[in-house]
Structure formats: structure tokens, C-alpha cells
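Look at the model below before reading on. The report then follows the chain from its overall layout down to single residues.

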Amino acid sequence: RMDISQINDAMNKCDILILCGGNLLQNETSMRSLIYYEQMIELAKRRGKRVYMISSGFGEIRGKLANFLFRRGVKSCTFCGCRTYTDLNLSKAYNSNSKIMPDLCFLLSYRKSEEKNRTFIWVLSYKKRIAIDEILDIARHRGLTPIAVNLFRDKDRDVSNSAKSRGIN
């Protein structure tokens with residue numbers, strides 16, 4: 001990941017750069033992450049490679065430089081597959097080839113014996129509100145039972161109570 005000569009070699013040999021999942025274009029955790037992934041996108045584009053973001057989310061983007069890097073990164077992508085409608089709306093503002101798609105974990109196969117108790121974990125966040133309707137829609141379409149995990153008891157109280165009132169454990 002950090003050896004520029006290996007990155008250059010890999011980039012020269014590939015046809016497509018695929019960035020999978022996660023909130024890659026964000027500076028909530030650090031500005032370095034946003035710069036790194038945006039520069040990987042730009043490096044690929046300079047070499048004539050197509051860039052696909054698959055099952056992507058976008059974390060918090062703070063500041064003028066971060067907003068510029070986010071916009072440039074999303075614009076440079078050939079395709080942006082977004083996990084939520086919030087992410088899709090952000091992406092569509094800069095890239096018309098954006099579509100909603102599930103997180104890759106929902107594409108995993110399962111054995112018939114496991115079919116009865118299929119669940120997925122939703123980590124609540126007071127910072128980034130995913131609409132409860134989206135969670136219920138994912139559950140209904142995939143035959144899954146959503147379970148909400150509350151990491152910040154006080155800050156996530158409202159969204160936790162709202163999830164409970166809609167039948168999410």
C-alpha cells in the first residue's frame with residue numbers, strides 16, 4: 001500500500017482500479033486517508049485506467065480542501081456503487097454514473113442450514129444517519145434480521161430509540 005514503486009508497477013499492469021467498500025473518501029478519521037485514496041484514483045486516471053468504486057460509503061467531509069478532493073475523486077470514477085441513498089445523493093452530484101448497490105457482505109453465499117437465522121449488524125452512528133427505512137428495506141429484500149449496535153450510548157440514544165420503535169433489536 002505504501003511502496004510507491006510497487007503501486008506504480010501494479011497500476012501499469014492493471015486495466016481497472018476497483019475500490020471496494022468502506023468510507024474511503026472522507027476525512028473524519030484522518031486527512032491522510034482521503035488524500036491517499038484520491039491520489040490512487042488520480043494516478044489510475046493519469047494512466048488511462050478506469051476506476052470503479054464498489055459498495056462505497058462516504059464519511060464526513062470537513063473543510064475546503066477535503067471537499068475539493070472528494071469532488072475530484074468522485075468525478076474521476078467511471079462508476080460509483082453506493083451503499084445508501086445518502087451516499088448516492090452525494091455521489092450523483094458529481095458523477096452521473098452512480099447507482100445504489102448492497103454492501104458486498106450481502107452478496108456472500110450461505111448454506112441452506114443457516115437460512116433460518118440470517119442477521120446483519122448495523123452500527124448506529126449519531127454522525128451519519130442512515131434512514132431506518134433503508135435498513136428495513138435491505139432486511140426485507142435480503143431476508144435478513146437487522147440488529148443495531150449502539151457504540152455511543154448517550155449520543156446514539158435518539159437513533160437507537162427510533163430503531164427500536166420500528167422493530168429493530
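The text below covers the fold, the sheet, the cores and three loop residues.

**Overall layout**

This is a predicted model. The chain holds six helices and six strands. Read from the N terminus, the elements run α-β-α-β-α-β-α-β-β-α-β-α. The chain has 169 residues, and 38% of them count as buried. Contacts reach across the sequence: among those between residues at least 6 apart, 70% join residues at least 24 apart.

**The sheet**

Four strands make an open sheet, in the order β1-β2-β3-β4, with parallel pairing. β1 and β4 stand at the edges. Each has a single partner strand, so one side of each lacks a neighbour in the sheet. On average, neighbouring strands are turned by 15° against each other, direction ignored.

β3 pairs on two sides. With β2 the pairing is parallel and runs over three bridges. Here S56 stands opposite C82 of β3. From β2 the chain crosses through α3 to β3, and this β-α-β crossover is right-handed.

With β4 (residues 98-100), β3 again pairs in the parallel sense, over three bridges. Within that pairing, G81 has K99 as its bridge partner in β4. C80 is bridged to S98 of β4. β3, helix α4 (residues 85-92) and β4 form a right-handed β-α-β unit.

Which residues cover the two faces of β3? F79 and G81 lie on one side, C80 and C82 on the other. All four are buried, and both faces of the strand are covered. In a regular strand, side chains alternate between the two faces of the sheet.

**The cores**

The largest nonpolar core has 26 residues. Within this core, M11, L17, L19, L25, V51, M53 and F58 touch the most other members. At least two core residues come from each of α1 (4-13), β1 (16-20), α2 (31-46), β2 (50-56), α3 (64-76) and β3 (79-82). α2 gives the largest share, seven residues. Another core lies apart from this one. The second core has five residues, among them I132, A148, A163 and I168.

**Three loop residues**

Q26 sits in the loop between β1 and α2. T84 lies in the loop between β3 and α4. R83 is found in that loop between β3 and α4 as well.

How buried or exposed are they? Q26 has a relative accessible area of 5%, so it counts as buried, the cut-off being under 20%. T84, at 7%, is buried by the cut-off of under 20% too. R83 stands at 24% relative accessibility and therefore counts as partly exposed.

The side chain of each residue makes a short polar approach, as listed here.

| Side chain | Partner | Distance |
|---|---|---|
| Q26 | backbone oxygen of N23 | 3.3 Å |
| T84 | side chain of D87 | 2.9 Å |
| R83 | side chain of N23 | 2.8 Å |

N23 thus appears twice. Its backbone oxygen is reached by the side chain of Q26, and its side chain makes a polar contact with that of R83.

Q26 also meets residues from elsewhere in the chain. Leaving aside neighbours within four places in sequence, Q26 is in contact with S33, L34, G59, E60 and I61. Take E60: it is 34 residues from Q26 in sequence, yet their C-alpha atoms are 5.6 Å apart.

What does R83 touch? Not counting residues up to four places away in sequence, R83 touches G22, N23, S55, S56, G57, I100, M101 and D103. S56, one of these contacts, is the residue that stands opposite C82 in β3. R83 and G21 are 62 residues apart along the chain, and their C-alpha atoms are separated by 8.3 Å.

**In brief**

The parallel sheet runs β1-β2-β3-β4. β3 joins β2 over three bridges and joins β4 over three bridges. The crossover through α3 is right-handed, and the unit with α4 is right-handed. In the loop between β3 and α4, R83 is partly exposed, whereas T84 is buried.

Conventions: Residues are numbered from 1 along each chain as its sequence is written. This is a predicted model: local features need pLDDT of at least 70, side-chain atom pairs count only at pLDDT 80 or more; totals for chains, interfaces and linings use all residues. Side-chain values use heavy atoms; hydrogens and water are left out. A nonpolar core is a set of buried Ala, Val, Leu, Ile, Met, Phe, Trp, Tyr and Cys residues joined through side-chain atoms within 4.5 Å. Buried means under 20% relative accessible area, exposed over 50%, partly exposed in between (1.4 Å probe, protein chains only). Contact means heavy atoms within 4.5 Å. A polar contact is a pair of N or O atoms within 3.5 Å; within protein, one must be able to donate a hydrogen and the other to accept it, and residues adjacent in sequence count only if both atoms are side-chain atoms. Two strands pair if DSSP finds at least two bridges between them. A crossover is right-handed if, with the strands pointing away from the viewer, the path from the first strand over the helix to the second runs clockwise. Axes are lines fitted to C-alpha atoms, for helices over the stretch in contact, and angles run from 0 to 180 degrees between N-to-C directions.
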